[in-house]
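Work through the exercises below with the sequence and the model open. Each task is followed by a solution in steps.

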Amino acid sequence: MALSPLNAISPIDGRYRSKVEKLKDYFSEEALIKYRVLVEIEYFIALCELPLPQLEAVSPSIFEDLRGIYKNFTAEDATAIKDIEKVTNHDVKAVEYFIKDKFDALELSAYKEFIHFGLTSQDINNTAVPLSIKDAMNAVYLPEYTTLLEKIETLANDWAAIPMLARTHGQPASPTRLGKEIAVFATRLKEQFKLLNDVPSAAKFGGATGNYNAHKVAYPNIDWKAFGTKFVQEKLGLQHSFPTTQIEHYDHAAALFDGLKRINTIIIDLDRDIWTYVSMDYFKQKIKAGEVGSSAMPHKVNPIDFENSEGNLGIANAIFEHLSAKLPISRLQRDLTDSTVLRNVGVPFGHTIIGFKSTLKGLDKLLLNEPKFAQDLENNWAVVAEAIQTILRRESYPNPYEALKGLTRTNTAITQNSISDFIDTLEVSETIKAELKAITPSNYTGI
C-alpha cells in the first residue's frame, strides 16, 4: 500500500503532513540523495577548475549540463539510485555510480574516475546534511519563526495599554500591562535568534580520516587544505571544519540544535501563560461554525492550539537534545552512530513547525475580555500597598513597611475605601495624602 496520511507511522508524515510539506525538499531521503549529488557534481567541477592535469581538457561549457544533474533531479532519479544501492549496499557509492552513468550520457566517460576522487562517504554526507539544514532554516524555519514573532509583537503593541494584575507564585502582585508581558516573549525570542544566527553551518571535507591522504599521495604539490576550504566555503557556502577525524565533529550543529531548543522552550512558556490566561477568563476564543470543543460538554471552547504546540515543541526538544548530546561523540576516528541519528534531523524541525503554526493559530483566535482584567484589579486593592509604603519611605515616614503589612496581611478584604481610610490616618501632609489616594491598581503599572 502506498504511503498516505492514514497509514503513516509518524504523525508529521500523517496527520500533520500538510503543515510540514515544505520540509520534504530538505529532509526526505530523496532530498538527502539530491544534496549528495549536488556535492559530488560541484566537487568534480572544482577539480576541473583547479585544474587537475587530467581534467584540463574538460570544457567549462559542460559545467551547466553537469549542474543540471542535480538541478533537474527527479523522484525517478532518486529511485534509480536506491535501486543501485540494493546492489552496492552503500548509499553514497550508489550516488557515485549514478553520476558515472550520467557522465557516459554526456560523453565524459574518460573523466568519471574523478567523481568522488580521494573522498570518503563522510565528505559527502558532512557537506550535504549541513547544506540541507542551512537551506531548510532559510526557506522554511525562518519564515515560520518570523510570522510568529511578528504576531507576538503585534499583540504586544495592541495590548500595550491594558493594565493587568500580575501574579507571582500564583498570588496577586504589583500590576503590570498585558502588552508588556507579551513583549517579554518577543524580546526573549529575538535575543535567542541572534545567538542562533551566529552559529556557523560547518562541514567536514578532508578525505578518509581528515588528512587528505589520498589527495596528497596522488598530487603532493597541490595545497589540498586550501582547496578544501575554498570548495566548502565558496562553492557550498559552509564553514570548513579542519582538522577533523573521518567525520564532522558536529559541535556547531549541536549549538544550532540547542539554540532551536531554547527558542522552542520560550514558545512553550508563552503557550502555558496564554493557556492560563484563557482559564482565568482573560481571553475568550473565536468560535468556528461546526467545531466541537468537547465530545461530552457542548459549551466548551478548549485552548487546544496551545496544548498542541506545547506537545509538539516538547517532542522536538527531546530530539534536539539527543542530537546535540550524541552527535559530537564518536569513537576514535569515527563510528556509524551519527549516520542513523542524522537521518532523523528533519523530525524535530517538523514538530517545531507544527508547534509554531499551532501557537499562531491559537493567538489568532484570542478575544480580549477587558472587563475581567478590570475586575481582577478592582478586587485586589492590596497591590497598591507597595506604592504607598515606597512613597512613605521617600518621605522618611517611620516603619512604613510594617504599617502597610498590618493593614494588608489579614484575611479581611482590602478595598479602595479601606485604603483611603488608612491613608487618612497617616501623619503626612494633605498633598502627600492626595498623591497616595491617586494610586489605583489600574494606574500603578510602572514603566
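**Exercise 1. A strand pair**

In which sense do strand β1 and strand β2 pair, and over how many bridges?

Before the solution, some conventions. This is a predicted model, in which local features need pLDDT of at least 70, side-chain atom pairs count only at pLDDT 80 or more, and totals for chains, interfaces and linings use all residues. Residues are numbered from 1 along each chain as its sequence is written, and side-chain values use heavy atoms, with hydrogens and water left out.

Step 1. Locate the strands: β1 covers residues 163–168 and β2 residues 171–177. Strands (E, at least two residues) and helices (H or I, at least four) are DSSP runs numbered from the N terminus.

Step 2. The two strands pair in the antiparallel sense over five bridges; pairing requires that DSSP finds at least two bridges between them.

Step 3. Check the register: Ala166 is opposite Ala173 in β2.

Step 4. Inspect the connection. β1 and β2 form a hairpin with two residues between them, and His169 in the turn has a positive phi of about 60°.

**Exercise 2. The nonpolar core**

Find which helix gives the largest share of the largest nonpolar core, then list what Ile152 touches.

Step 1. A nonpolar core is a set of buried Ala, Val, Leu, Ile, Met, Phe, Trp, Tyr and Cys residues joined through side-chain atoms within 4.5 Å. Buried means under 20% relative accessible area, exposed over 50%, and partly exposed in between (1.4 Å probe, protein chains only).

Step 2. The largest such core has 134 residues, and those with the most contacts inside it include Ile152, Tyr141 and Phe257. Helix α6 (residues 121–158) supplies the largest share, 15 residues.

Step 3. Leaving aside residues up to four places away in sequence, Ile152 touches Ile182, Phe185, Ala186, Leu189, Ile267, Leu270 and Leu363. A contact here means heavy atoms within 4.5 Å.

**Exercise 3. Salt bridges**

Which residue forms a salt bridge with Arg343, and how far apart are the closest N and O atoms?

Step 1. Apply the criterion: a side-chain nitrogen of Lys or Arg within 4 Å of a carboxyl oxygen of Asp or Glu. The structure holds 38 salt bridges.

Step 2. The partner of Arg343 is Glu29, with the closest N and O atoms 2.7 Å apart. This pair links distant parts of the chain, 314 residues apart: Arg343 is in the loop between α12 (337–342) and α13 (346–364), and Glu29 is in helix α2 (residues 29–49).

Step 3. Arg343 counts as partly exposed because its relative accessibility is 36%. Glu29 is also partly exposed, at 30%.

Step 4. Extend the pair: Glu29, Arg36, Lys82, Glu85, Asp91 and Arg343 are linked in a network of salt bridges.

**Exercise 4. A bridge within a helix**

Are Glu96 and Lys93 buried or partly exposed?

Step 1. Their side chains meet in a salt bridge (2.9 Å, N to O). Because the two are three residues apart in helix α5 (residues 91–105), about one helical turn separates them.

Step 2. Glu96 has 4% relative accessibility, so Glu96 counts as buried. Lys93 has 31%, so Lys93 counts as partly exposed.
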